[in-house]
Amino acid sequence: MATTSQTSIDLRFEGPHNGSFKLIIAGRLDSTTTGDIWSRATAAVKKAKAATVEVDASGIDYCDGSGIALFVQLRRLQSNAGGSLQITGLRPEFTELLDGSEPESLGETPAENTASTRLVEEIGEATVDVWRDIQILVSFVGELSAGLLYAAIHPRSVRWRDALRVAETAGVNALPIVALVSFLMGLIMAFQAAIPLRQFGAELFIANLIGLSMLRELGPLMTAIILAGRSGSAFAAELGTMKVREEIDALRTMGLDPVRFLIVTRVVAAVCMTPLLTIFADLVGLMGGSVVMLSLGFPLVTFFHQVQYAVSYGSLVGGLVKAFVFGILVAAIGCLRGLQTKTGATAVGESTTSAVVSGIILIAITDGIFSVVYYYLGV
């Protein structure tokens, strides 16, 4: 025959007398009964304002975590009021649970202790975070430069097999998406330019617009953004997972530099593949523009000669220089965010998101700098 456990609770108050207030708790203090007396006990302690509160727990035959939390809350209330709490008669096994539960471990109560952060503090914290991030970035640039210089002096130290694998993943496998985006960019720009140029009878100059914009600007820019969302995030996720699994720490323990062992190969692969992808994007973008020119009645040879007349080798080289720098930025920022991965279930996802956002921002800033420099150089 199964016995029914006691679920009732007895709560009585005595006092206050001579600055002392006494609570008598008896019965089973568990998750089903604690909620009934929590508000009454805490309200009584606040109302009594006694210097000493005594809790007679000799009648408690069972106490779980919820009951321990009640005792901790009463202790916190007395501590905040400048008083003390004494618990008597509590069984030894429950006393051990209480001794191991500090008020700080349960956190602050939102209604009493949570204060809104001031705007000045938020600005200060954001400034400190940005400054710390800049310091880490400068340090990482130094380590990466040293690693690349060492790889240039000692080519055999580079793990070329891994570099080829990364080049295949970041470069060859990205050809379809690069082709699709570049073709659509050339097609859309040509159709958009055809409307205003038709008013002046200058539809032939669509070829000039497509050639210059694709080779100098859109080819390297769109390729870099695709790589930031595709390869930069992959680098951050790979290194972030290794960081969470403590594989990065294991490499340092074995005397291996993670920058030379993991990052140099990825940067070398990205730097080699980004200009090649940019050339591919330029050609596909020109194909998209040629489709529009054909639909407008211009022969393909006319489009070809017009592009050849408008575009110089300087435009192509300028775009490739951009692609080279963009490749370094995408790979470096992806690896850096991966190494900065923290612990937790969402750490890898946060690092991946940060890598993509930081990569796109750096690409935009660098592209603006290139535009100003090219303008003054007359390129």
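At which residue does α10 bend, and by about how many degrees? Keep that question in mind as you open the structure, which is a predicted model.

**Stop 1: helix α10**

Select residues 258–295, which make up α10. This helix has 38 residues. From its first C-alpha to its last it reaches 54 Å, close to the 56 Å expected at 1.5 Å a residue. Now for the opening question: the bend is at V264, and it amounts to about 35°.

Next, colour the helix by how covered its residues are. α10 is mostly covered, with 27 of its 38 residues buried. For one example, click on T265, which has its place in α10. Is T265 buried or exposed? T265 counts as buried because its relative accessibility is 2%, and buried means under 20%. Show its surroundings too: leaving aside residues up to four places away in sequence, T265 touches V158, R159 and A163.

Before leaving, step just past the end of the helix to G297. There, phi is positive, at about 100°.

**Stop 2: helix α7**

Now select residues 175–199, the helix α7. Its 25 residues reach 37 Å from first C-alpha to last, close to the 36 Å expected at 1.5 Å a residue. Where is the kink in α7? Look at A193: a kink of about 25° lies there, shortly before the proline P196.

Show the side chains of the buried residues of α7: V178, A179, S182, G186, L187, M189, A190, A193 and A194. Notice that A193 belongs to this buried group as well as marking the kink. What do the buried residues of α7 pack against? Their partners are α8 (206–244) and α10, so add both helices to your view. After α7 comes G201, with a positive phi near 65°.

**Stop 3: a closed space inside**

Rolling a probe the size of a water molecule over the atoms shows where empty space is left. In this model, the count is one cavity of 30 Å³ or more. The largest cavity has a volume of about 50 Å³.

To find the largest cavity, select the residues that line it: A170, G171, L227, S231, F235, A270, M273, T274, L277 and V330. Two elements, α8 and α10, each give two or more residues to this lining. Which one gives the largest share? That is α10, with four residues. By class, the lining holds seven nonpolar and three polar residues, and no charged ones.

**Stop 4: the largest pocket**

Move on to the largest pocket, whose volume is about 420 Å³. It is lined by 15 residues, and the closest to its centre are L215, L286, V307, Q308 and V311. Select those to centre your view. Then add α10, α11 (300–310) and α12 (313–339), since each supplies at least two residues of the lining. Colour the lining by class and you will find eleven nonpolar, three polar and one charged residues.

While α12 is on screen, click on Y313, which is found in this helix. With 73% relative accessibility, Y313 counts as exposed, because exposed means over 50%. For a sense of scale, try a distance from Y313 to L149: the two are 164 residues apart in sequence and 30 Å apart in space, C-alpha to C-alpha.

**Stop 5: the second largest pocket**

The second largest pocket holds about 360 Å³ of space. Select its lining: D129, R132, D133, I136, R337, Q340, T341, K342, A347, E350, S351 and S354. Which elements give two or more residues to this lining? They are α5 (119–153) and α13 (347–377). Colour by class once again: here there are two nonpolar, four polar and six charged residues.

**Stop 6: a loop residue with a positive phi**

For the final stop, go to the loop between α8 and α9 (247–253) and click on E246. Most residues other than glycine have a negative phi. E246 is a residue other than glycine, yet its phi is positive, near 65°. Is E246 buried or exposed? E246 is exposed, because its relative accessible area is 54% and the cut-off for exposed is over 50%.

Key
Residues are numbered from 1 along each chain as its sequence is written. This is a predicted model: local features need pLDDT of at least 70, side-chain atom pairs count only at pLDDT 80 or more; totals for chains, interfaces and linings use all residues. Side-chain values use heavy atoms; hydrogens and water are left out. On a 1 Å grid over the protein atoms alone, a cavity is a set of points where a 1.4 Å probe fits but cannot get out, and a pocket is an open set with protein on both sides within 12 Å along at least five of seven lines; lining residues have an atom within 4 Å of a point. Grid points are joined across faces, edges and corners, and a volume is the space filled by probe spheres set on the points. Ala, Val, Leu, Ile, Met, Phe, Trp, Tyr, Cys and Pro count as nonpolar, Asp, Glu, Lys and Arg as charged, and the others, Gly among them, as polar. The expected span of a helix is 1.5 Å times one less than its number of residues. The bend at a residue is the angle between axes fitted to the seven residues ending there and the seven starting there. Buried means under 20% relative accessible area, exposed over 50%, partly exposed in between (1.4 Å probe, protein chains only). Contact means heavy atoms within 4.5 Å.
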